[in-house]
Amino acid sequence: MRKRRELGQSSDIAFLLIIFFLLLSGVTASHSLDLNTSNSSILVGEAQEHLELTLKQDETVLFQDRVLNNAELTPFLNQKPHLTLSIEAATDWQTVVSFLSLLEQYPLSSLSLELLP
């Protein structure tokens, strides 16, 4: 009778499993969105609009404590403003991505994102 061969030492298998899970933990999905602004060069002394908007968790956009819809945003965003977008921390990630996709159609000079508590 032949002796059965073990497939591998249990320490070898444990070591390989540890390496496998370490490699898996390093793999992450990218949650980025490419946002191309038309012309981001700013001339010195050029008067630029500075627009501050707040994106709330219920998908509303505030401008100076006033709720704006997309049609009301258009005149502000067509002036090539410097936009500062403050986002409430509890806002859904998909809401933020949808709003940034909407902003892509406007000629913004610059875009700053801020996370509110």
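Q: Is Gln64 buried or exposed?
A: The model is a predicted one, in which local features need pLDDT of at least 70, side-chain atom pairs count only at pLDDT 80 or more, and totals for chains, interfaces and linings use all residues. Residues are numbered from 1 along each chain as its sequence is written, while side-chain values use heavy atoms, with hydrogens and water left out. Gln64 sits in the loop between β2 and β3, where strands (E, at least two residues) and helices (H or I, at least four) are DSSP runs numbered from the N terminus. Its relative accessible area is 66%, and since buried means under 20%, exposed over 50% and partly exposed in between (1.4 Å probe, protein chains only), Gln64 is exposed.

Q: What is the approximate phi of Gln64, which is not a glycine?
A: Glu59, in the loop between β1 (50-55) and β2 (61-63), has a positive phi near 70° although it is a residue other than glycine. Gln64, in the loop between β2 and β3, also has a positive phi, and its value is about 50°.

Q: How far apart are the C-alpha atoms of Glu59 and Thr95?
A: Glu59 counts as exposed because its relative accessibility is 57%. Along the chain, Glu59 and Thr95 stand 36 residues apart, whereas in space their C-alpha atoms are separated by 6.5 Å.

Q: In what order do the elements of the protein chain run from the N terminus?
A: The secondary structure of the protein chain comes to 3 helices and 5 strands. Read from the N terminus on, these elements run α-β-β-β-α-β-α-β.

Q: How many residues of α1 are buried?
A: Helix α1 covers residues 10-26, and its 17 residues should span 24 Å at 1.5 Å a residue, which agrees with the 25 Å between its end C-alpha atoms; the expected span is 1.5 Å times one less than the number of residues. In the protein chain as a whole, 23% of the 117 residues count as buried. Helix α1 lies largely in the open, because the number of its residues that are buried is 0.

Q: Which strands stand at the edges of the sheet?
A: The 5 strands form an open sheet with mixed pairing, in the order β3-β2-β1-β4-β5, two strands being paired if DSSP finds at least two bridges between them. Two of these strands have a single partner strand each, so one side of each is left without a neighbour in the sheet, and these are β3 (66-68) and β5 (110-116).

Q: How many bridges join β4 to β5?
A: Strands of a sheet pair through backbone hydrogen bonds, either parallel or antiparallel. With β1, strand β4 pairs in the parallel sense over 6 bridges, and Leu51 has Leu83 of β4 as its bridge partner. Towards β5, Leu85 stands opposite Leu113 and Glu88 has Leu116 as its bridge partner. Strand β4 (residues 82-88) and β5 run parallel, and the number of bridges that join them is 7.

Q: What is the relative accessible area of Ser86?
A: Ser86 is found in strand β4, of which 7 of the 7 residues are buried. From this strand, His82, Thr84, Ser86 and Glu88 point one way, and Leu83, Leu85 and Ile87 the other way. Not counting residues up to four places away in sequence, Ser86 touches Leu53, Thr54, Leu55, Glu114 and Leu116, contact meaning heavy atoms within 4.5 Å. Ser86 is buried, with a relative accessible area of 11%.

Q: What angle does the direction of α3 make with that of β4?
A: Helix α2 (residues 70-77) lies across β1, β2, β3 and β4, running at about 95° to β3. For such angles, axes are lines fitted to C-alpha atoms, for helices over the stretch in contact, and the values run from 0 to 180 degrees between N-to-C directions. Helix α3 (residues 93-103) packs on the sheet, touching β1, β2, β4 and β5, and its direction makes with that of β4 an angle of about 165°.

Q: Which element gives the most to the largest nonpolar core?
A: A nonpolar core is a set of buried Ala, Val, Leu, Ile, Met, Phe, Trp, Tyr and Cys residues joined through side-chain atoms within 4.5 Å. The largest one has 17 residues, of which Leu53, Leu77, Leu85, Phe99 and Leu103 touch the most other members. At least two residues of this core come from each of β1, β2, α2, β4 and α3. With 4 residues, the element that gives the most to this core is α3.
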